[in-house]
Amino acid sequence: MEKFMKLALKLAKKGTGRVSPNPLVGAVIVKDGKIISTGYHKRYGDFHAERNAILNAKTSLEGSTLFVNLEPCCHHGKTPPCTDLIIKSKISQVFISILDPNPLVNGKGVDILRKNGIEVHVGLLEKEASYLNRVFIKFITKKTPYVALKVAMTLDGFICDNLGKSKWITKNNFNISHNLRNFFTAIMVGANTVLKDNPQLTCRNGGRNPIRIILDYEGKLAGKNFSVFDDQSRTIVFSSRCEKYNGAECYPETRPEDILERLYSLNIDSVLIEGGASVLSQFYDFSDELHLFYAPKIFGKGLSAFSGIEKYIDEEFDLKIKKIRRLKNEFYLEVIKNVYGNY
Ligand code: AOF
Ligand code: ZN
């Protein structure tokens, strides 16, 4: 059974970067032990995974088993309820990893299937499935974007040396970093990072470009020609000097909680914050996970990634290491701060 759900999860991941703020969902239909059809949710507003799998089938689905990593929907959204189609196609068994946290569904999809005589099992590969859809779960239940922080630093936690130089502390993180830019809907940096590095903030390993968010409270970048203002992607500025930004999409919020509320209202479900120290520190308490790249260097003095926060040894640190990976002579940690679901 697990191998079919694993395939559903693998298919779901193909929607990465394209379905937000909807969930990543894959579906596999099995009959007499053989896979007879598959499908996944490809793009926001398109057909759901289950519908695609059912439509892709070349044979009768009567008596077959459906594997899907999220509970089938039973509401009319951009598309009609998947439960109707599942019942109509005479599928007799459904394996689901997790219930849909969307209050419009949340258990009601399972009830409808059961009432129609379909055998339903919930919980297969639950941990993998809730981790995969952590952004969706947070966004729809907490009504605020999922926040990830990304930092490249020395072993002693510095993001630049004592002369302010930061290029390049680590050099083996290209692929992971650009996968993150594809995974999260938006990427955020402060004005100083733009002034110093003139980054493009695009995804350059095959994914789509994230929405670029620039925090420029004082309007230092207004009217200037930085790469973040090119037409490769949408750029959103937060500034108390929006009038200096004629034409650009600009909002006046400056506090992290207000910025996140604005992003929620813009339907932006997740943001990857890439620095610098002041932005990372301001958003630390609002963050859900950290992506930390370490180079075997020790500076002793410089700018600490989180120099704007102050925590003490007696405080609770709910940080859990999710992944450790060696990258040649460097290493990468994925650290989870908040769990949505079970993983
Ligand atoms: C998806 N893809 O494969 C599944 C989803 O507006 P709609 O019609 O696209 O409905 C979106 C909701 O449908 C979403 O919030 C979730 O509750 C449910 N399931 N959504 O985009 C899918 N299975
Ligand atoms: Zn559906």
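**Burial, annotated sites and sheet order**

Visitor: How many other C-beta atoms lie within 10 Å of Asp197?

Guide: Asp197 is partly exposed; the class falls between buried (20 or more other C-beta atoms within 10 Å) and exposed (12 or fewer), with C-beta atoms placed from the backbone. This is a predicted model, in which local features need pLDDT of at least 70 and side-chain atom pairs count only at pLDDT 80 or more, while totals for chains, interfaces and linings use all residues. Residues are numbered from 1 along each chain as its sequence is written, and chains are lettered from A and ligands numbered from 1 in the order in which they are written. For Asp197 the count is 17.

Visitor: Which element holds Asp197?

Guide: Helices (H or I, at least four residues) and strands (E, at least two) are DSSP runs numbered from the N terminus. The run that covers residues 191–197 includes Asp197, and it is helix α8.

Visitor: How far apart, at most, are the C-alpha atoms of the residues in the UniProt "binding site"?

Guide: The unreviewed UniProt entry places this feature at Ala152, Trp168, Thr193 and Asp197; such annotations may be inferred rather than shown by experiment. The four residues span 46 residues in sequence, yet they gather at one spot, because no two of their C-alpha atoms are separated by more than 14.4 Å.

Visitor: Is Ala152 buried or exposed?

Guide: Ala152 lies in strand β6 (residues 146–154). Beyond four places in sequence, it touches Ile159, Ile169, Thr170, Asn173 and Phe293, contact being C-beta atoms within 7 Å. Since Ala152 has 22 C-beta neighbours inside 10 Å, it counts as buried.

Visitor: What is the order of the strands in the open sheet?

Guide: Strands pair if DSSP finds at least two bridges between them, and the pairing in this sheet of 9 strands is mixed. The edge strands, each pairing on one side only, are β11 (249–251) and β15 (320–327). The order is β11-β10-β9-β8-β12-β6-β13-β16-β15.

Visitor: Which residue in β9 stands opposite Met188?

Guide: Strands β8 (residues 186–190) and β9 (residues 211–215) run parallel and are joined by 5 bridges. Opposite Met188 in β9 stands Ile213.

Visitor: How many C-beta neighbours does Glu50 have inside 10 Å?

Guide: Glu50, listed by the unreviewed UniProt entry as "active site", lies in helix α2 (residues 49–56). Apart from neighbours within four places in sequence, its contacts are Ala27, Leu66, Val68, Pro72, Cys82 and Ile86. Glu50 counts as buried because its C-beta neighbours inside 10 Å number 29.

Key
Contact = placed C-beta atoms within 7 Å.
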